[in-house]
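Work through the exercises below with the model open. Try each task before reading its solution.

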Amino acid sequence: MDLFSKVSTKPHYESYTWGKHRSIFASVIYWLIFVLRIFSPLQWIKLIFRKRQAAHNDEKERVDFHAMHSERYLLVVLGLSLVFYFILSSTPALPGIPESINANLSLVSDSIAALLLFESVMWVFYYMLLRILIEKHLTIFNEAEYFIALPFVLATQFFLLAGLLGVSVSEVLALALSLEFDGYQSTQSAQLAIGTFGYIYTALIIANIINLIPAIPVGRRPNITIIGAGDVVRYRMLPALIGEKLYLPGQVAIISDCIDESFRNQLKKDGVAFQLLTRGSNSEEKLQEVVKFIKKRSSYAIIATPTESHLAYVSALAKEGIVFGVEKPLVATAAELAVLRQCQDQLMERGFLFSYYWLEKALPLNYFLTLNPQYHRFLDINVNSRPDDRTAGPDALAYLRLQLGKLVSVDITFFEGEDPREWSLAKETGGLFFETLIHPITLLSHVLDQPLQLKDLHAQWYVLENLPDLLCSKSLALNDYGASYVSLRSPRNAACAINIRTGKFMATKERSMVIGFENGVIRMDLDTRQCSISCPEAGSLAEVTILARPEIADGGESPKYDIQMTLFDSFVHNQGDWSAQRYDDYPGQIDVLSAMTGWLKADNSESHFYRPIPLSEMDYRKLE
């Protein structure tokens with residue numbers, strides 16, 4: 001089957017599955033076409049050509065077979081059809097040769113002619129009609145490539161048909177075009193078949209002429225492949241995609257090198273397709289396997305793998321022109337950031353960068369500061385200081401922001417409870433630094449009026465000394481963990497007083513922001529997703545509340561990705577076109593990561609993320 005798959009092209013999964021349903025008719029027709037094309041000499045020539053080109057270290061997964069090569073082949077076949085019609089079909093048996101040999105030679109020439117006729121008919125139907133339905137990721141040199149070659153293919157068919165039927169080409173042409181012709185010599189069955197094909201070809205030619213005129217793109221909601229199968233995928237992304245009916249289970253697939261058995265059982269129960277990567281393969285082989293799976297199964301992808309593999313997947317999907325979303329952080333090393341900055345616009349041109357807090361938890365604050373129209377649909381805006389309790393539009397919010405005045409303080413508390421994910425605290429993965437601290441730093445960077453300067457903040461790093469026991473670790477000692485708590489404070493004489501506290505295994509769970517201004521204050525509750533703005537100077541807008549709508553912000557403990565997945569679906573629905581304004585966390589996250597990695601590299605203080613101060617549980621609780 002692998003050999004035949006290289007000769008013919010398997011129909012793309014989406015070509016015969018519409019939503020959660022599979023079309024019986026489409027499945028039979030498309031797979032029949034796949035089998036029939038195996039008998040095409042041109043397809044076998046393409047296979048040999050590609051094998052030879054691949055031997056010369058061609059970097060492409062599937063070597064291009066240029067249109068010029070196809071045209072040469074079609075011209076050769078046209079020449080053979082002329083030889084068959086003018087010479088072989090009209091030449092009497094060779095004198096002196098036994099009749100049986102002459103009969104066999106005639107049978108061979110007729111068989112070759114029939115094979116070439118069959119191939120030319122398949123060529124017309126496949127390239128004029130079915131290819132765009134069967135294949136989803138095409139490499140076409142020019143939209144008119146096959147249309148230009150059509151007259152030569154039709155001429156080949158006319159000569160081959162005339163030779164096989166023993167009639168003139170004029171008769172075949174008249175039958176195909178429904179023209180009057182005296183003295184038909186072909187049978188009524190042949191006349192009916194040729195006439196029918198003539199009508200079909202006429203429709204195909206008209207359709208292709210229309211297709212050459214630029215069409216208006218139509219949005220659709222096709223299949224999505226999630227790369228990765230961790231907790232974020234299982235408990236956040238997948239429930240948001242299928243639980244909120246954005247996609248049906250049959251439209252989502254998961255591919256990963258490791259999928260927990262209980263998760264596999266859940267996927268089977270829900271009807272979500274999944275595939276495990278080949279064991280023992282290296283990172284490059286896994287990358288190619290994932291890309292092949294996406295191209296066969298889906299049109300869009302979400303990268304939810306460990307951070308160290310993000311850039312490789314982003315580069316591969318961008319190269320293939322596949323629209324994708326990628327989990328935060330985009331990258332986590334200075335070297336990768338340097339590579340990304342060189343070609344970041346090309347890499348992220350069709351990419352959506354997730355940010356759980358800026359696009360989800362803090363979305364009310366995000367909207368107040370950016371007034372991005374994409375966010376408005378998720379929010380309720382209430383003017384509490386007006387008797388009629390009215391809502392406020394973008395103009396009113398812009399006025400309110402102006403009345404708040406200068407930023408004077410930012411206080412962010414980010415306390416979390418127990419976290420059983422050992423990797424989220426290990427030094428080698430960036431632990432708390434890139435998994436948790438990135439959230440308050442991201443929020444801080446969006447709030448500040450000036451570029452983020454982390455080196456100006458005083459940092460205190462601590463780690464809970466019984467952390468290995470709390471995590472039931474069998475492989476890591478205390479020295480293998482980075483900080484589990486950090487306090488960041490600005491100098492006393494700073495223009496804006498900054499105070500950030502971030503910690504895991506805290507007795508009190510709190511995630512909130514208090515932003516002080518000359519004339520007011522903003523309080524952002526990140527758990528309830530409610531932003532309260534108080535500004536007496538703003539008159540009737542003195543008290544405004546912006547909050548996520550009740551159906552989104554249930555205030556529960558279960559993490560939700562509903563807003564991010566809906567935003568990503570809008571991006572998918574728009575075919576990966578950002579138009580004038582983005583609504584993900586790019587390029588803001590690039591600036592945050594640059595500031596964080598630069599700070600991590602330059603920090604030579606006694607206490608450091610990699611050299612936290614161990615504290616007993618009693619002293620650790622006092623940090624709250």
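**Salt bridges and a sheet in a predicted model**

Lys 504 and Glu 435 are both buried. The model is predicted.

**Exercise 1.** Find what the side chain of Lys 504 meets in Glu 435, and state which parts of the chain the pair ties together.

*Solution.* Start with the contact: the two side chains form a salt bridge, 3.4 Å from N to O. This satisfies the cut-off, a side-chain nitrogen within 4 Å of a carboxyl oxygen. Now place the residues. Lys 504 sits in the loop between β13 and β14 and Glu 435 in helix α18, so the pair ties together parts 69 residues apart in sequence.

**Exercise 2.** Which residues are linked with Lys 504 in a network of salt bridges?

*Solution.* Take Glu 416 as the next step. Its closest approach to Lys 504 is 2.9 Å between N and O atoms, in a salt bridge. Glu 416 lies in the loop between β10 (407-415) and α18 (431-435), 88 residues from Lys 504. Both residues are buried. The full network links Glu 416, Asp 419, Arg 421, Glu 435, Lys 504, Arg 511 and Asp 527.

**Exercise 3.** Place β15 and β16 in their sheet, then explain what Arg 529 ties together.

*Solution.* Read the strand order of the open, mixed sheet: β9-β17-β16-β15-β14-β10-β13-β12-β11-β18. The edge strands are β9 and β18. β15 (520-525) and β16 (530-534) pair antiparallel over five bridges. Val 521 has Ser 534 in β16 as its bridge partner. Next, take the salt bridge of Arg 529 with Glu 360, 3.3 Å from N to O. Arg 529 lies in the loop between β15 and β16 and Glu 360 in helix α15, so the pair ties together parts 169 residues apart in sequence. Both are buried.

Definitions and conventions
Residues are numbered from 1 along each chain as its sequence is written. This is a predicted model: local features need pLDDT of at least 70, side-chain atom pairs count only at pLDDT 80 or more; totals for chains, interfaces and linings use all residues. Side-chain values use heavy atoms; hydrogens and water are left out. Two strands pair if DSSP finds at least two bridges between them. Helices (H or I, at least four residues) and strands (E, at least two) are DSSP runs, numbered from the N terminus. Buried means under 20% relative accessible area, exposed over 50%, partly exposed in between (1.4 Å probe, protein chains only).
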